[in-house]
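Subject: Structure handover

Hello,

Here is the structure I said I would pass on. My notes follow below it.

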Amino acid sequence: MISLTFLESWRLREKLLPDAEFQDGTGGGQRPWLSGITTNVLRGTQRTARRRRAALARLPERHTDRETVPDFADEPAARLDDS
């Protein structure tokens, strides 16, 4: 999560005003700016996880006992051993 926040803040760094342009001169706008980015990254991560769970729920169930594909590698291997 921290790395995503860092990457997003780096991408948006030119939208942040320099410290001198804040009224109080303390850089008070940086913390809310970074907090907003963190909030948006968190929401995006949660939305992605929710969509992923929904997509996985739509997949048909796999019944491995009935749908097992036979291994065809044994036959060519046996032929190679015979020759």
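I begin with a pair of charged residues: R79 and E75 form a salt bridge through their side chains, with 3.1 Å between N and O. Both residues belong to helix α3, which covers residues 74-82, and because they are 4 residues apart there, about one helical turn separates them. R79 and E75 are both exposed. Please keep in mind that this is a predicted model.

The structure has 2 salt bridges. The other one to look at joins the side chains of R11 and E8, at 2.5 Å from N to O. R11 and E8 are both in helix α1, 3 residues apart, again about one turn of the helix. An α-helix has 3.6 residues a turn, so residues three or four places apart point the same way. The two partners in α1 fall into separate exposure classes: R11 has a relative accessible area of 55% and is exposed, whereas E8, at 25%, counts as partly exposed.

Overall fold

The chain contains 3 helices and 0 strands, and along the sequence the pattern reads α-α-α. Of its 83 residues, 11% count as buried. The exposed area of the chain is about 7800 Å², and carbon and sulfur atoms supply 55% of that.

On confidence, the mean pLDDT over the chain is 81, and 78% of the residues score at least 70. Confidence is highest in α2, at 92, and lowest in α3, at a mean of 85. The R79 and E75 pair described above sits in α3.

Helix α2 and what covers it

Helix α2 takes in residues 30-58, which makes 29 residues. From its first C-alpha to its last it reaches 42 Å, close to the 42 Å expected at 1.5 Å a residue. I37, V41 and G44 are buried in this helix. What covers the buried residues of α2? The cover includes α1, residues 2-11.

Two residues of α1 show how the helices meet. T5 is found in α1 and is buried, because its relative accessible area is 9%, under the 20% cut-off. Leaving out residues up to four places away in sequence, T5 touches L34, I37, T38 and V41. Two of these contacts, I37 and V41, are among the buried residues of α2.

S9 also lies in helix α1. Is S9 buried or exposed? S9 is buried, since its relative accessible area is 12% and the cut-off is 20%. Apart from neighbours within four places in sequence, S9 is in contact with W33, L34 and I37. I37 and L34 therefore appear in the contact lists of both S9 and T5, and both of those α1 residues count as buried. The side chain of S9 also has a polar atom 2.8 Å from the backbone oxygen of F6.

The loop between α1 and α2

L16 lies in the loop between α1 and α2. At 23% relative accessibility L16 counts as partly exposed, because that value is over the 20% that marks the limit for buried residues. L16 and L34 are 18 residues apart in sequence, and their C-alpha atoms are 9.6 Å apart in space. L34 is also one of the residues that T5 touches and one of those in contact with S9.

If you open the model, I suggest starting with α1 against α2, then turning to the salt bridges. For the former, T5 and its contacts L34, I37, T38 and V41 are a convenient place to begin. For the latter, the pairs are R11 with E8 and R79 with E75.

Regards

Methods. Residues numbered from 1 in each chain as written. Predicted model: local features only at pLDDT ≥ 70, side-chain atom pairs only at ≥ 80, totals over all residues. Heavy atoms only, no water. Helix = DSSP H or I, 4+ residues; strand = E, 2+ residues; numbered from the N terminus. Expected span 1.5 Å × (residues − 1). Buried < 20%, exposed > 50% of the residue type's maximum accessible area, 1.4 Å probe, protein only. Contact = heavy atoms within 4.5 Å. Polar contact = N/O pair within 3.5 Å; in protein donor to acceptor, adjacent residues only side chain to side chain. Areas by Shrake-Rupley, 256 points an atom, 1.4 Å probe, with all protein chains shown as cover. Salt bridge = Lys/Arg side-chain N within 4 Å of Asp/Glu carboxyl O. pLDDT = per-residue confidence, 0-100.
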